[in-house]
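Hi,

Here is the structure I said I would pass on. Have a look at it first, and then read on for what turned up.

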Amino acid sequence: MACFFSNSLSHGCKKWPQNLFNWDFGNKKNDSRPQPKYHDIQLPFPPSLVSKTYLKGRELRCCYKATVDGFSATDFHNSSDFKGPCVIIGYTSKSFKFGAFNPEGYRSTDDYYDTFDAFLFYWREKEEKERDGAPIILPKVGGSGAALFDYARGGPQFGADGLLIGPPLAPVMGGFAGPDTNSGIGDLRQAKSRLGLSYARRPDGKESLFGDESKASLDEVLVFCCPEIASLY
(Lines give C-alpha, C1' and ligand atoms only; values in the text may rest on other atoms or scores of the structure.)
Protein backbone atom coordinates (compact mmCIF):
# COMPACT_ATOMS: atom_id res chain seq x y z
CA MET A 1 0.00 0.00 0.00
CA ALA A 2 3.00 2.30 0.41
CA CYS A 3 3.24 2.78 -3.32
CA PHE A 4 -0.29 4.25 -3.33
CA PHE A 5 0.46 7.00 -0.82
CA SER A 6 4.13 7.69 -1.45
CA ASN A 7 5.44 9.41 -4.56
CA SER A 8 8.94 8.17 -3.73
CA LEU A 9 7.86 4.56 -4.15
CA SER A 10 5.35 5.02 -6.98
CA HIS A 11 7.88 4.34 -9.74
CA GLY A 12 7.50 0.62 -9.21
CA CYS A 13 3.72 0.58 -9.01
CA LYS A 14 0.79 1.14 -11.31
CA LYS A 15 0.02 4.75 -12.16
CA TRP A 16 -3.31 5.54 -10.55
CA PRO A 17 -5.99 7.64 -12.28
CA GLN A 18 -6.57 11.22 -11.18
CA ASN A 19 -10.01 10.33 -9.85
CA LEU A 20 -11.85 7.20 -8.79
CA PHE A 21 -13.64 6.58 -12.10
CA ASN A 22 -10.87 7.86 -14.40
CA TRP A 23 -13.08 10.65 -15.71
CA ASP A 24 -11.12 13.39 -17.42
CA PHE A 25 -13.34 16.41 -16.94
CA GLY A 26 -11.00 18.84 -18.64
CA ASN A 27 -10.18 16.81 -21.74
CA LYS A 28 -12.37 17.83 -24.68
CA LYS A 29 -11.17 14.81 -26.65
CA ASN A 30 -13.49 12.68 -24.52
CA ASP A 31 -16.52 14.78 -25.48
CA SER A 32 -18.80 12.34 -27.31
CA ARG A 33 -21.13 15.04 -28.66
CA PRO A 34 -21.11 15.30 -32.47
CA GLN A 35 -19.14 18.28 -33.68
CA PRO A 36 -21.13 20.88 -35.66
CA LYS A 37 -20.69 20.78 -39.42
CA TYR A 38 -20.02 24.00 -41.26
CA HIS A 39 -19.94 24.68 -44.99
CA ASP A 40 -17.02 26.62 -46.44
CA ILE A 41 -18.98 29.49 -47.96
CA GLN A 42 -17.96 33.13 -48.19
CA LEU A 43 -20.42 35.50 -46.52
CA PRO A 44 -22.98 36.61 -49.11
CA PHE A 45 -23.73 39.81 -47.18
CA PRO A 46 -21.62 42.69 -45.82
CA PRO A 47 -20.60 42.54 -42.12
CA SER A 48 -22.34 45.88 -41.64
CA LEU A 49 -25.66 44.03 -41.89
CA VAL A 50 -25.18 42.68 -38.34
CA SER A 51 -23.32 45.68 -36.91
CA LYS A 52 -26.19 46.42 -34.50
CA THR A 53 -26.75 42.82 -33.42
CA TYR A 54 -25.18 40.23 -31.10
CA LEU A 55 -23.15 38.99 -34.08
CA LYS A 56 -21.17 42.21 -34.55
CA GLY A 57 -17.47 41.52 -35.01
CA ARG A 58 -17.87 37.74 -34.59
CA GLU A 59 -16.84 34.96 -36.94
CA LEU A 60 -19.83 33.75 -38.95
CA ARG A 61 -20.05 30.40 -40.71
CA CYS A 62 -22.69 28.56 -42.70
CA CYS A 63 -24.34 25.83 -40.61
CA TYR A 64 -27.10 25.01 -43.11
CA LYS A 65 -27.03 24.78 -46.90
CA ALA A 66 -30.31 23.45 -48.27
CA THR A 67 -28.91 22.06 -51.53
CA VAL A 68 -26.51 19.91 -49.49
CA ASP A 69 -28.30 19.28 -46.17
CA GLY A 70 -31.80 18.93 -47.59
CA PHE A 71 -34.81 21.20 -48.10
CA SER A 72 -37.15 19.70 -45.50
CA ALA A 73 -37.88 21.56 -42.26
CA THR A 74 -36.40 18.61 -40.40
CA ASP A 75 -33.12 19.05 -42.28
CA PHE A 76 -33.20 22.74 -41.48
CA HIS A 77 -33.66 22.21 -37.74
CA ASN A 78 -31.09 19.39 -37.58
CA SER A 79 -28.47 21.86 -38.81
CA SER A 80 -29.72 25.15 -37.36
CA ASP A 81 -31.11 24.38 -33.90
CA PHE A 82 -29.09 25.46 -30.85
CA LYS A 83 -26.73 27.66 -32.84
CA GLY A 84 -27.80 31.01 -31.40
CA PRO A 85 -28.64 34.19 -33.36
CA CYS A 86 -28.45 33.63 -37.10
CA VAL A 87 -28.76 35.19 -40.53
CA ILE A 88 -30.89 33.44 -43.16
CA ILE A 89 -30.19 34.02 -46.85
CA GLY A 90 -32.49 32.86 -49.64
CA TYR A 91 -32.24 32.80 -53.41
CA THR A 92 -35.37 32.51 -55.54
CA SER A 93 -35.61 30.72 -58.86
CA LYS A 94 -35.66 34.20 -60.41
CA SER A 95 -32.26 35.05 -58.90
CA PHE A 96 -33.75 37.37 -56.30
CA LYS A 97 -31.67 37.54 -53.11
CA PHE A 98 -33.21 38.21 -49.71
CA GLY A 99 -32.78 37.32 -46.06
CA ALA A 100 -33.68 37.77 -42.41
CA PHE A 101 -32.04 38.08 -39.01
CA ASN A 102 -33.21 35.95 -36.09
CA PRO A 103 -31.82 37.20 -32.73
CA GLU A 104 -33.27 34.23 -30.81
CA GLY A 105 -32.07 31.31 -32.93
CA TYR A 106 -33.94 28.03 -33.34
CA ARG A 107 -34.75 25.24 -30.87
CA SER A 108 -37.88 23.59 -32.36
CA THR A 109 -40.00 24.91 -29.49
CA ASP A 110 -43.29 25.24 -31.42
CA ASP A 111 -43.50 28.66 -29.82
CA TYR A 112 -43.17 32.31 -30.80
CA TYR A 113 -40.99 35.17 -29.57
CA ASP A 114 -41.50 38.88 -29.11
CA THR A 115 -38.65 41.13 -30.18
CA PHE A 116 -37.85 44.36 -31.99
CA ASP A 117 -34.41 43.06 -33.01
CA ALA A 118 -35.50 40.77 -35.85
CA PHE A 119 -35.63 42.18 -39.37
CA LEU A 120 -36.01 41.24 -43.03
CA PHE A 121 -33.88 42.50 -45.90
CA TYR A 122 -33.42 42.21 -49.65
CA TRP A 123 -31.20 43.47 -52.45
CA ARG A 124 -32.32 45.50 -55.42
CA GLU A 125 -31.43 43.85 -58.72
CA LYS A 126 -28.50 46.23 -59.35
CA GLU A 127 -26.93 45.79 -55.90
CA GLU A 128 -27.55 42.06 -56.03
CA LYS A 129 -24.64 41.74 -58.42
CA GLU A 130 -22.31 43.50 -56.00
CA ARG A 131 -21.13 41.16 -53.24
CA ASP A 132 -20.70 43.97 -50.71
CA GLY A 133 -23.80 45.90 -51.72
CA ALA A 134 -25.90 47.01 -48.74
CA PRO A 135 -29.33 45.38 -48.60
CA ILE A 136 -32.56 47.22 -47.82
CA ILE A 137 -33.70 46.45 -44.27
CA LEU A 138 -37.36 46.03 -43.32
CA PRO A 139 -37.75 46.35 -39.52
CA LYS A 140 -40.41 44.95 -37.21
CA VAL A 141 -43.54 47.12 -37.04
CA GLY A 142 -46.77 47.03 -35.08
CA GLY A 143 -45.08 46.31 -31.76
CA SER A 144 -42.70 43.54 -30.77
CA GLY A 145 -45.36 40.82 -30.53
CA ALA A 146 -45.01 37.49 -32.37
CA ALA A 147 -41.94 38.60 -34.31
CA LEU A 148 -40.58 35.04 -34.68
CA PHE A 149 -42.08 31.56 -34.86
CA ASP A 150 -40.05 28.42 -34.16
CA TYR A 151 -42.09 25.49 -35.47
CA ALA A 152 -40.35 22.10 -35.40
CA ARG A 153 -42.15 21.11 -38.61
CA GLY A 154 -41.53 24.42 -40.38
CA GLY A 155 -38.66 26.52 -41.60
CA PRO A 156 -37.89 30.17 -40.77
CA GLN A 157 -41.01 32.24 -40.04
CA PHE A 158 -41.01 35.96 -39.30
CA GLY A 159 -44.31 37.28 -38.02
CA ALA A 160 -47.59 35.64 -38.85
CA ASP A 161 -47.14 36.55 -42.50
CA GLY A 162 -44.00 38.69 -42.96
CA LEU A 163 -41.83 35.85 -44.29
CA LEU A 164 -42.53 32.13 -44.22
CA ILE A 165 -39.99 29.71 -45.68
CA GLY A 166 -41.18 26.12 -45.69
CA PRO A 167 -44.18 26.64 -43.37
CA PRO A 168 -45.70 23.52 -41.74
CA LEU A 169 -48.15 21.74 -44.01
CA ALA A 170 -50.54 21.16 -41.10
CA PRO A 171 -51.73 23.60 -38.42
CA VAL A 172 -49.63 23.74 -35.28
CA MET A 173 -51.79 23.75 -32.14
CA GLY A 174 -49.83 23.66 -28.91
CA GLY A 175 -47.02 21.78 -30.59
CA PHE A 176 -49.38 18.95 -31.62
CA ALA A 177 -51.08 18.54 -34.98
CA GLY A 178 -52.83 15.19 -34.77
CA PRO A 179 -51.88 11.53 -34.22
CA ASP A 180 -48.80 11.72 -36.43
CA THR A 181 -46.59 14.63 -35.36
CA ASN A 182 -44.05 13.70 -38.06
CA SER A 183 -46.53 14.63 -40.78
CA GLY A 184 -46.83 18.02 -42.41
CA ILE A 185 -43.10 18.75 -42.65
CA GLY A 186 -42.51 22.02 -44.50
CA ASP A 187 -40.52 22.24 -47.75
CA LEU A 188 -38.01 25.12 -47.79
CA ARG A 189 -38.28 25.34 -51.57
CA GLN A 190 -41.49 27.28 -50.99
CA ALA A 191 -41.77 30.75 -49.46
CA LYS A 192 -44.39 33.45 -49.12
CA SER A 193 -44.51 36.99 -47.79
CA ARG A 194 -46.97 39.73 -46.91
CA LEU A 195 -45.56 42.95 -45.52
CA GLY A 196 -47.16 45.75 -43.55
CA LEU A 197 -48.68 43.93 -40.59
CA SER A 198 -45.59 42.60 -38.80
CA TYR A 199 -42.69 43.87 -40.92
CA ALA A 200 -42.37 47.13 -42.84
CA ARG A 201 -43.38 47.37 -46.49
CA ARG A 202 -40.71 47.82 -49.12
CA PRO A 203 -39.76 51.44 -49.90
CA ASP A 204 -41.44 51.03 -53.29
CA GLY A 205 -44.71 50.30 -51.49
CA LYS A 206 -44.90 46.65 -52.50
CA GLU A 207 -46.49 44.42 -49.89
CA SER A 208 -44.36 41.34 -50.48
CA LEU A 209 -40.67 40.82 -49.90
CA PHE A 210 -40.64 39.28 -53.38
CA GLY A 211 -42.11 42.34 -55.07
CA ASP A 212 -45.16 41.73 -57.25
CA GLU A 213 -45.53 38.09 -56.21
CA SER A 214 -46.66 36.94 -52.77
CA LYS A 215 -45.02 33.53 -53.22
CA ALA A 216 -41.65 32.37 -54.49
CA SER A 217 -39.83 29.14 -55.33
CA LEU A 218 -36.38 28.95 -53.77
CA ASP A 219 -33.23 27.43 -55.24
CA GLU A 220 -31.13 27.80 -52.09
CA VAL A 221 -31.41 28.64 -48.40
CA LEU A 222 -28.38 29.34 -46.21
CA VAL A 223 -28.08 29.91 -42.47
CA PHE A 224 -25.07 31.66 -40.92
CA CYS A 225 -24.29 31.52 -37.22
CA CYS A 226 -21.40 32.18 -34.84
CA PRO A 227 -19.52 28.95 -33.92
CA GLU A 228 -18.34 30.58 -30.69
CA ILE A 229 -21.94 31.17 -29.56
CA ALA A 230 -23.09 27.76 -30.84
CA SER A 231 -20.47 26.04 -28.68
CA LEU A 232 -22.17 27.42 -25.56
CA TYR A 233 -25.33 25.36 -26.14
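Let's start with one residue: is D69 buried or exposed? Keep in mind that this is a predicted model. D69 comes out at 14% relative accessibility, and because anything under 20% is called buried, D69 counts as buried.

Now for its partner. D69 pairs with K37 in a salt bridge, and their closest N and O atoms are 2.7 Å apart. This one ties together distant parts of the chain, since the two residues are 32 apart. D69 belongs to helix α2 (residues 66-69), while K37 is in the loop that runs between α1 (2-5) and β1 (61-65). Unlike the buried D69, K37 is partly exposed, with a relative accessible area of 49%. As a general point, side chains of opposite charge can pair when their charged atoms come close.

How many salt bridges does the structure hold? There are 8, and two others are worth pulling up on your screen. D204 and R202 form one of them, with 2.7 Å between the closest N and O atoms. Here R202 is the buried partner, at 11% relative accessible area, and D204 is partly exposed at 44%. The other joins the side chains of R189 and D187, at 3.4 Å from N to O. In that pair, R189 is partly exposed with a relative accessible area of 40%, and D187 is also partly exposed, at 28%.

On to the nonpolar side. Which residues have the most contacts inside the largest nonpolar core? They are F98, F158, L163 and I165, and the core itself has 36 residues. Elements giving two or more residues to this core include β1, α3 (73-80), β2 (86-92), β3 (97-102) and β9 (163-165). β11 (215-225) is on that list too, and β11 gives the most, with 5 residues.

F158 is a good place to zoom in. Leaving aside residues up to four places away in sequence, F158 touches I88, A100, F101, N102, Y106, A118, L120, A147, L148, L163, S198 and Y199. One of these, L163, is itself among the residues with the most contacts inside the core.

There is also another core lying apart from the largest one. That second set has 16 residues, including L49, V50, I89 and W123.

If you only have a minute, I'd start with the D69 and K37 pair and then go to F158 and the residues it touches.

Cheers

Methods: Residues are numbered from 1 along each chain as its sequence is written. This is a predicted model: local features need pLDDT of at least 70, side-chain atom pairs count only at pLDDT 80 or more; totals for chains, interfaces and linings use all residues. Side-chain values use heavy atoms; hydrogens and water are left out. A salt bridge is a side-chain nitrogen of Lys or Arg within 4 Å of a carboxyl oxygen of Asp or Glu. Helices (H or I, at least four residues) and strands (E, at least two) are DSSP runs, numbered from the N terminus. Buried means under 20% relative accessible area, exposed over 50%, partly exposed in between (1.4 Å probe, protein chains only). A nonpolar core is a set of buried Ala, Val, Leu, Ile, Met, Phe, Trp, Tyr and Cys residues joined through side-chain atoms within 4.5 Å. Contact means heavy atoms within 4.5 Å.
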